[in-house]
Amino acid sequence: MSQNEQQKEQDRLSRKERRKQKRNRRSVALGGILATVLIVGGWGYMVSTNDASQATSTVESPKTVGSEQEKDKKDTKDTKKSASTDQKKKDKKAKKKADKPEISQAAWVTRPFADVYQDANRSSVIYKADLGDVYEILDAENGMVHLKLSDAVEGYIPETDVRMDVPSSVKDKTLLDTLSQVVANQPIEKPEQYLGQPLEKFEAKYGKLGNTQKDAVNTYHFSNAGYLLVVSDGIVEAIDWTNASASGLSALGEPVVETSYGTWYQGEKLQLKAFPDNGSTRLRLARDPGK
């Protein structure tokens with residue numbers, strides 16, 4: 001092959017190669033355009049055909065002021081509701097505790113000046129119990145009841161001198177109303193609020209009572225205003241008024257016990273008792289821990 005022919009053949013191959021490269025570049029460009037069209041078209045189709053409520057996103061929707069206020073109101077309402085429920089539970093629990101008797105098994109003394117003995121053999125008398133006094137039963141055997149008289153004192157009393165249950169014969173409010181009528185110039189405001197409370201609470205209001213007497217169970221604190229406090233283990237168990245009138249007690253109806261030495265009216269959680277005292281009457285308002 002002559003040199004001229006060789007040159008022509010090289011030129012032909014070179015033109016063929018250039019045409020091939022040109023076709024390849026066109027194919028790549030066309031493929032890119034088609035891919036772009038498909039992507040844009042697919043995204044538009046997805047946006048147009050899918051419901052906004054079905055779309056998922058990691059970005060939260062903007063919260064309006066109204067929605068925030070509604071949420072705050074709901075949270076506040078839920079908090080108040082929860083606090084109200086908790087308070088009702090506490091009140092119910094407190095009421096249930098208040099309704100429960102302080103003494104689970106109690107004995108009520110049914111006569112004045114009842115002998116309480118040191119032991120079940122009645123070897124010696126250690127205390128004279130008053131009509132209506134309430135004590136915790138520790139046990140009972142052979143006709144004798146073992147009582148807890150105070151934190152430090154125990155004793156025994158015949159079963160015939162006590163009752164294991166006493167029904168209420170009158171409302172506490174009626175007892176208190178009658179008391180306020182028969183005690184002239186009542187010096188203590190709402191005396192019932194001090195029963196079952198430490199002596200210090202009473203003295204913080206009315207001053208310290210200096211005149212005292214003691215027996216095996218109680219300490220008696222006397223006031224020049226015509227009353228005395230019966231205190232056991234530092235707790236006010238009863239309040240007595242001297243020189244009182246018994247004429248208005250008939251409004252209370254039938255007493256639990258009535259004798260020439262004392263009369264006992266039983267309320268729901270209170271007692272009112274009248275004792276003859278040097279030609280006059282001594283009235284006693286006492287709490288009942290057995291109720």
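**Close-up views of the predicted model**

**View 1. Asn243, a residue of strand β11.** Strand β11 holds Asn243. The model is predicted. β11 spans residues 235-244. Phi of Asn243 is near 55 degrees. That value is positive, and the residue is not a glycine. Asn243 counts as exposed, with 66% relative accessibility. The cut-off for exposed is over 50%, so Asn243 qualifies.

**View 2. Phe113, in the loop between β1 and β2.** β1 covers residues 106-109, and β2 covers 114-117. Phe113 sits in the loop that links these strands. Its phi is near 55 degrees, again a positive value in a residue other than glycine. The relative accessible area of Phe113 is 47%. Phe113 is therefore partly exposed, in between the limits of 20% and 50%.

**View 3. Val109 and its surroundings.** Val109 belongs to strand β1. The residue is buried, and its relative accessible area is 0%. Buried means under 20%, so Val109 meets the cut-off. Beyond its neighbours within four places in sequence, Val109 contacts Ala114, Ala129, Asp130, Leu131, Gly132, Asp133, Tyr135, Ile157, Asp161, Val162 and Trp264. Tyr135, one of these contacts, is 26 residues away in sequence. The C-alpha atoms of Val109 and Tyr135 are 8.4 Å apart.

**View 4. Helix α3, with a buried side and exposed residues on the face turned away.** Helix α3 runs over residues 172-182. Its buried residues include Asp172, Leu175, Leu176, Thr178, Leu179 and Val182. They lie on the same side of α3, because they cover an arc of only 165 degrees around the axis. β11, β13 (262-266), β14 and β15 are among the elements that cover these buried residues. Lys173 and Gln181 are exposed, and they sit on the face turned away from the buried side.

**View 5. The largest pocket and its lining.** The largest pocket encloses about 600 Å³ of space. Its lining counts 29 residues. Val134, Leu149, Glu237, Arg287 and Pro289 lie nearest the centre. Five strands each supply at least two lining residues: β4 (134-141), β10 (227-232), β11 (235-244), β14 (270-277) and β15 (280-287). By class, the lining has 12 nonpolar, six polar and 11 charged residues. β11, β14 and β15 supply lining residues here, and they also help to cover the buried residues of α3.

Note on methods. Residues are numbered from 1 along each chain as its sequence is written. This is a predicted model: local features need pLDDT of at least 70, side-chain atom pairs count only at pLDDT 80 or more; totals for chains, interfaces and linings use all residues. Side-chain values use heavy atoms; hydrogens and water are left out. On a 1 Å grid over the protein atoms alone, a cavity is a set of points where a 1.4 Å probe fits but cannot get out, and a pocket is an open set with protein on both sides within 12 Å along at least five of seven lines; lining residues have an atom within 4 Å of a point. Grid points are joined across faces, edges and corners, and a volume is the space filled by probe spheres set on the points. Helices (H or I, at least four residues) and strands (E, at least two) are DSSP runs, numbered from the N terminus. Ala, Val, Leu, Ile, Met, Phe, Trp, Tyr, Cys and Pro count as nonpolar, Asp, Glu, Lys and Arg as charged, and the others, Gly among them, as polar. Buried means under 20% relative accessible area, exposed over 50%, partly exposed in between (1.4 Å probe, protein chains only). Contact means heavy atoms within 4.5 Å. The arc is that of the directions from the helix axis to the C-beta atoms.
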